[in-house]
Amino acid sequence: MKKQLYRIVTGILAVAWMCLIFSFSSQPATESSKVSGGLCHRLVEQTNEVLHLDMTEAQQLSIAEKIEYPVRKAAHMTEYAILGLLSFAFYRGILRKEKRQFLASLVTAAVYACTDEFHQYFVPGRSAEVRDVCIDTLGAFIGLAILFFTLKVARKHCQKSKLTLQ
């Protein structure tokens, strides 16, 4: 019963995260740019204030425009890193071998990235880009790699202290 509940909860969390990604992808380009542009501008504004850089408004806007693309792509990578981790949690309750859990999680994120790009093709002002599928999949890979190395270090530490970490 505990295992079944775990599968249901982790499955719901993974699907809910996919729905959140879908909702972000459903935003028309103008709305999406407005959100990310505003975030970048606030980030530059706060940095200017905290570090006392004395930048003009024009300088702040210029920097915000320059960092918008990398910030957007970093957000995509983060979204898919989280999807990779949630997928891993789900597959952990289904598949026995850890390598298969990691692979299934990565494939799930990559396939979802493909479907997400296909969906964006039909959203006003958006497009479907193979490059974005690669960026999203890389995000999932990085998230899973961090998890892999964290588990490895934790297991090594637990082994030294004669504990077990499943």
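In this predicted model, Ile142 comes out as partly exposed, with a relative accessible area of 36%. That value falls between the 20% that marks the upper limit for buried and the 50% above which a residue counts as exposed, so "partly exposed" is the fitting label. Ile142 sits in helix H5. On the surface, Ile142 joins Leu138, Phe141 and Ile146 in a nonpolar patch, and together these residues have about 370 Å² of accessible area.

Now for the inside. The largest nonpolar core is built from 9 residues: Met18, Ile21, Tyr80, Leu83, Ala109, Tyr112, Ala113, Val133 and Ala140. Two or more of these residues come from each of helix H1 (2-25), helix H3 (57-92), helix H4 (98-120) and helix H5 (130-160). H4 hands over the largest share, with 3 residues. Another core, of 5 residues, lies apart from this one, and Phe88, Leu144, Leu147 and Leu151 are among its members. Back in the largest core, Val133 touches Ala110, Ala113, Cys114 and Glu117, leaving aside residues up to four places away in sequence.

Helix H1 is next. With 24 residues, H1 reaches 35 Å from its first C-alpha to its last, close to the 34 Å expected at 1.5 Å a residue. The buried residues in H1 are Thr10, Gly11, Ala14, Met18, Ile21 and Ser25, and the buried residues of this helix pack against H3 and H4. Two of these names, Met18 and Ile21, also turn up in the largest nonpolar core.

Helix H2 covers residues 29-51, and its 23 residues should span 33 Å at 1.5 Å a residue; the end C-alpha atoms are 32 Å apart, so the two values agree. Ser32, Ser36, Cys40, His41, Val44 and Asn48 are buried in H2, and H3 is included in what covers the buried residues of H2. Just after H2, His52 takes a positive phi of about 50°.

One residue of H2 gets a second look: Ser32. Ser32 has a relative accessible area of 9%, so it counts as buried, since the cut-off for buried is under 20%. Leaving aside residues up to four places away in sequence, Ser32 touches Gln27, Arg72 and Arg126. As for Arg126, it is 94 residues from Ser32 in sequence, yet the C-alpha atoms of the pair are 9.5 Å apart in space.

Technical notes
Residues are numbered from 1 along each chain as its sequence is written. This is a predicted model: local features need pLDDT of at least 70, side-chain atom pairs count only at pLDDT 80 or more; totals for chains, interfaces and linings use all residues. Side-chain values use heavy atoms; hydrogens and water are left out. A nonpolar core is a set of buried Ala, Val, Leu, Ile, Met, Phe, Trp, Tyr and Cys residues joined through side-chain atoms within 4.5 Å. Buried means under 20% relative accessible area, exposed over 50%, partly exposed in between (1.4 Å probe, protein chains only). Helices (H or I, at least four residues) and strands (E, at least two) are DSSP runs, numbered from the N terminus. Contact means heavy atoms within 4.5 Å. Patches are made of residues with over 30% relative accessible area and no salt bridge: like charges are joined within 9 Å, nonpolar side chains (Val, Leu, Ile, Met, Phe, Trp, Tyr) within 5 Å. Accessible areas come from the Shrake-Rupley method with a 1.4 Å probe; for residues, only the protein chains shown count as cover. A salt bridge is a side-chain nitrogen of Lys or Arg within 4 Å of a carboxyl oxygen of Asp or Glu. The expected span of a helix is 1.5 Å times one less than its number of residues.
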